[in-house]
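Reader: I'd like to go through this model with you and ask what the labels rest on. Can we put it up first?

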Amino acid sequence: MKQKTEQEALITLTALCAAGEHCQQEMLDKMNRWQLPEEEQARVMEYLVKNKYIDEERFTRAFVMDKIRYNKWGRRKIEQALWQKRIPKDIQTKILDETDENEYLNVLRPLLKSKSRSIKANNDYELNMKLIKFALSRGFTFDLIRQCIDGADEMDIEN
């Protein structure tokens, strides 16, 4: 990738941040690829944060809602993705704790209902175990999965 000057990096990153939410780590990764010296990276990052192009809390809030609604992820998988983006734990916890349990349930119920149609199982126990394993892999917590599986009659899960 082509090396950029501090000014070019600033222009590129402000345009990128104006178009959508990004976190500090994403911007640092880009500047590293452009081989921008650390002191220049620090100045660019300071500008982006000071002028609200980057706001970790705002990014986290948008990221969490997107991952729940569009990717159909549970809390654990979202936590892992936020950790990879180096979002501070206090911000992660605050935003994830603000997220209503019903947001997850509204995604998980139809997900399990749909998945149950494609699962081959010899009995209800086997079906439930496969659904639990599937939901865990999507990052949902066991208590939410249990709520959905126990309420499976309402969901019309069939073999």
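Reader: Where do Arg61 and Glu57 lie, and how many residues apart are they?

Author: Both sit in helix α4, four residues apart, which is about one turn of the helix. A helix here is a DSSP run (H or I, at least four residues; strands are E, at least two), numbered from the N terminus. Before we go on: this is a predicted model, where local features need pLDDT of at least 70 and side-chain atom pairs count only at pLDDT 80 or more, while totals for chains, interfaces and linings use all residues. Residues are numbered from 1 along each chain as its sequence is written, and side-chain values use heavy atoms, with hydrogens and water left out.

Reader: What makes Arg61 and Glu57 a salt bridge?

Author: The term asks for a side-chain nitrogen of Lys or Arg within 4 Å of a carboxyl oxygen of Asp or Glu. For Arg61 and Glu57 the closest N and O atoms are 3.9 Å apart, so the pair meets that definition. Glu57 and Arg61 are also linked with Lys94 and Glu98 in a network of salt bridges.

Reader: How many salt bridges are there in the whole structure?

Author: A search finds 12. One of them joins the side chains of Arg58 and Glu21, at 2.8 Å from N to O. Arg58 is in helix α4 (residues 56–69) and Glu21 in the loop between α1 (6–19) and α2 (24–33), so this pair ties together parts 37 residues apart in sequence. In helix α9 (residues 142–150), Arg146 and Asp150 are four residues apart, about one helical turn, and their closest N and O atoms are 2.9 Å apart in another salt bridge.

Reader: Why is Asp150 called exposed, and Arg146 partly exposed?

Author: The cut-offs are under 20% relative accessible area for buried, over 50% for exposed, and partly exposed in between (1.4 Å probe, protein chains only). Asp150 has 53%, so exposed is the word. Arg146 has 29%, so partly exposed it is. Arg58 at 31% is partly exposed too, as is Glu21 at 33%.

Reader: How do you know that Thr141 is buried?

Author: Its relative accessible area is 13%, so Thr141 falls under the 20% limit. Thr141 is found in the loop between α8 (124–137) and α9.

Reader: What makes the pairing of Thr141 and Asp143 a polar contact?

Author: You need a pair of N or O atoms within 3.5 Å; within protein, one must be able to donate a hydrogen and the other to accept it, and residues adjacent in sequence count only if both atoms are side-chain atoms. The side chains of Thr141 and Asp143 are joined at 2.6 Å, so the distance fits.

Reader: Which residues does Val107 touch, and is Val107 buried or exposed?

Author: Val107, in helix α7 (residues 101–118), is buried at 11%. Leaving out residues up to four places away in sequence, Val107 touches Ile68, Lys72 and Phe140, where contact means heavy atoms within 4.5 Å.

Reader: Which residues of α2 and α3 meet?

Author: From α2 come Gln24, Met27, Leu28, Met31 and Asn32, and from α3 Gln41, Val44, Met45, Leu48 and Val49.
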